[in-house]
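Reader: Hey, I've just opened this one and I'm new to it. Can you walk me through a few spots?
Author: Sure, have a look first and then ask away.

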Amino acid sequence: MMSSENELEGLREQIADTTREIIDLVAARNALAKKVGELKMKGSIPLEDAKVEDSLVRLVLGECETKGLDGQTGLKILSTLLAEGKRVQGFPAKQQLITPMMMSAKAQQIEATGKKLLRLDVGEPDFHPPKAVLDATSEALYAYRTRYAPTRGIPELVTAVRQYIDRRHHFPVKDSEVIVNPGGRFGVYMALMSSVREGESAIVIEPNWPAYKEGLQYIGARAISVHTTLEEGWLPSVDAVQDAIRPNTRAIVLSYPANPTGAILAPEKFRGIVEVADEHGLTVISDEIYTDYSYAPTPSILETPAKKFILTASFSKTWAMTGFRVGYTVSSEENISKMMKIQSLIVTCVPEFIQRGAIKALGSDPEVASNAAAMRERIDLASRELDAIPALQYAKPDGAMYIFPQARNADFDSVAFTMKLLEEKGVTISPGTGFGDYPRAFRVSLGGSKETIVEGIRKIGELLA
Ligand code: PMP
């Protein structure tokens, strides 16, 4: 008895010593990283080096395999070490990004003072939700459908989503493969959380909606950006995606039609990327929120043989239900059950009266058609207006509800221009830097009326003249 207690005591001491050694090693590693930082500063060498990080990822995964340690544990430790290294090297705090959400909050503040603005910032259509949606929502409210609902969604909406998907994509899904979320944003975050863990990475195609990268940062994962250009029509090549895959890459986020460019990846190319993802065991997260605003053949992940996928969709844009906060996600039963746990922990459910309205949205085809036609007219109109501004170039969107013009002047500063436009002309846009490394570009949202679009773009032209 005594001897096993002694043995236990001895082992505990060794564990404490080993822990101390690990901390000492971290301090020694930090000291080395600091020296590297000083040398980089002297030689004006960029502080961040993806190749060095990649070789460390390989080293750690190899070591874990040899020592019989879980690879993800190794990646988590490496992620902490890399963050420490950057901290002691005095990495400048990440430049504060101006996201569309932040522009919209700023515009709302100014409007609250009574000042009128021409809003080309917010990603929100000015259409009304279908009347059937309003009726069903208010009827449900007055019928006291005001209690907790099932986390997955009420069975009637889950069934309606299943039937809608079958009708649209001829893709049979089970109830267990669907979850109703409080908006596409929540679905996207849960998709990232269920497929990528701390220390791992996911590929994002830039320019894109900033929440993908921000979500990955919260998880402690790395976003590997595939940069696309206006000359490429804002579309990636299959090879560029393939080249971006690292040993710790677990997912790729695709979203077509894209925010902010309105570009659509041709279905064959989309399938090519899905094949590459499959070969590497990646989950394809396909954010299909703008599918109904498409004016060219548009791929859906449900129409590809993707092995691992998560589809996120929303009622916000198609039916102009942004404030309802409702969307849905389709994936494997395993992923959906992970999401059920997170959703039940954080929000319990989407309110039932909202879900009753959403059921009616799925049957509101005429409204979808008229909203889509109106958005197409706005794209045409905005394109004509931009054609009259020689300082800008753009790729005409094939869908979504935005245009992403780029200044011909290589020194253009989109943040400074956005602020000047707001101050001098009362027009709000979103700077290109919020969507990736695009200081020469900015996003014009076509959510507002034709008059707003014409007047706003003309004022942009005046400021650039
Ligand atoms: N995905 C994309 C690409 C978006 O642009 C947006 C909204 N701007 C969303 C998802 C989320 O929208 P919601 O949460 O309103 O469904």
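Reader: Okay, helices α5 and α12: at roughly what angle do their axes cross?
Author: Roughly 155°, with the axes of α5 (residues 131-142) and α12 (residues 352-361) coming within 7 Å. Axes here are lines fitted to C-alpha atoms, for helices over the stretch in contact, and angles run from 0 to 180 degrees between N-to-C directions. Helices (H or I, at least four residues) and strands (E, at least two) are DSSP runs, numbered from the N terminus.

Reader: And what does that make α5 relative to α12?
Author: Roughly antiparallel. The cut-offs are under 35 degrees for roughly parallel, over 145 for roughly antiparallel and 65 to 115 for roughly perpendicular, with the rest oblique.

Reader: Which residues meet there?
Author: From α5 there are Ala132, Val133, Ala136, Thr137, Ala140 and Leu141, and from α12 there are Phe353, Arg356, Gly357, Lys360 and Ala361. Contact means heavy atoms within 4.5 Å. The residues of this α5 and α12 contact divide into seven nonpolar, two polar and two charged. For that split, Ala, Val, Leu, Ile, Met, Phe, Trp, Tyr, Cys and Pro count as nonpolar, Asp, Glu, Lys and Arg as charged, and the others, Gly among them, as polar.

Reader: Before I go on, where do these coordinates and numbers come from?
Author: This is a predicted model, where local features need pLDDT of at least 70 and side-chain atom pairs count only at pLDDT 80 or more, while totals for chains, interfaces and linings use all residues. Residues are numbered from 1 along each chain as its sequence is written, and side-chain values use heavy atoms, with hydrogens and water left out.

Reader: New topic: how many salt bridges does the structure hold?
Author: It holds 25. A salt bridge is a side-chain nitrogen of Lys or Arg within 4 Å of a carboxyl oxygen of Asp or Glu. One of them pairs Arg222 with Glu53, at 3.4 Å from N to O. Arg222 lies in strand β4 (residues 222-227) and Glu53 in helix α2 (residues 50-67), so the bridge ties together parts that are 169 residues apart in sequence.

Reader: Is Glu53 buried or exposed?
Author: Glu53 is buried, at 8% relative accessible area, and Arg222 is partly exposed at 24%. Buried means under 20% relative accessible area, exposed over 50%, and partly exposed in between (1.4 Å probe, protein chains only).

Reader: What about Glu462, which residue does its side chain meet in a salt bridge?
Author: Lys425, at 2.8 Å from N to O. Glu462 sits in helix α15 (residues 450-464) and Lys425 in helix α14 (residues 414-425), so this pair links parts 37 residues apart in sequence. Glu462 is partly exposed at 45%, and Lys425 is partly exposed at 25%. Elsewhere, salt bridges that share partners join Glu53, Asp54, Lys86, Arg222 and Arg246 into one network.

Reader: Switching again: where is Val427 found?
Author: In strand β12 (residues 427-428). Val427 is buried, with 0% relative accessible area.

Reader: So what is Val427 in contact with?
Author: Leaving aside neighbours within four places in sequence, Val427 contacts Leu118, Leu120, Leu421, Leu422, Gly456 and Lys459. Its C-alpha atom is 9.3 Å from that of Lys116, a residue 311 places away along the chain.

Reader: Last one: where does Thr99 lie?
Author: In the loop between α3 (71-88) and α4 (100-112). Thr99 is buried at 6% and touches Pro210 and Glu214, not counting residues up to four places away in sequence.
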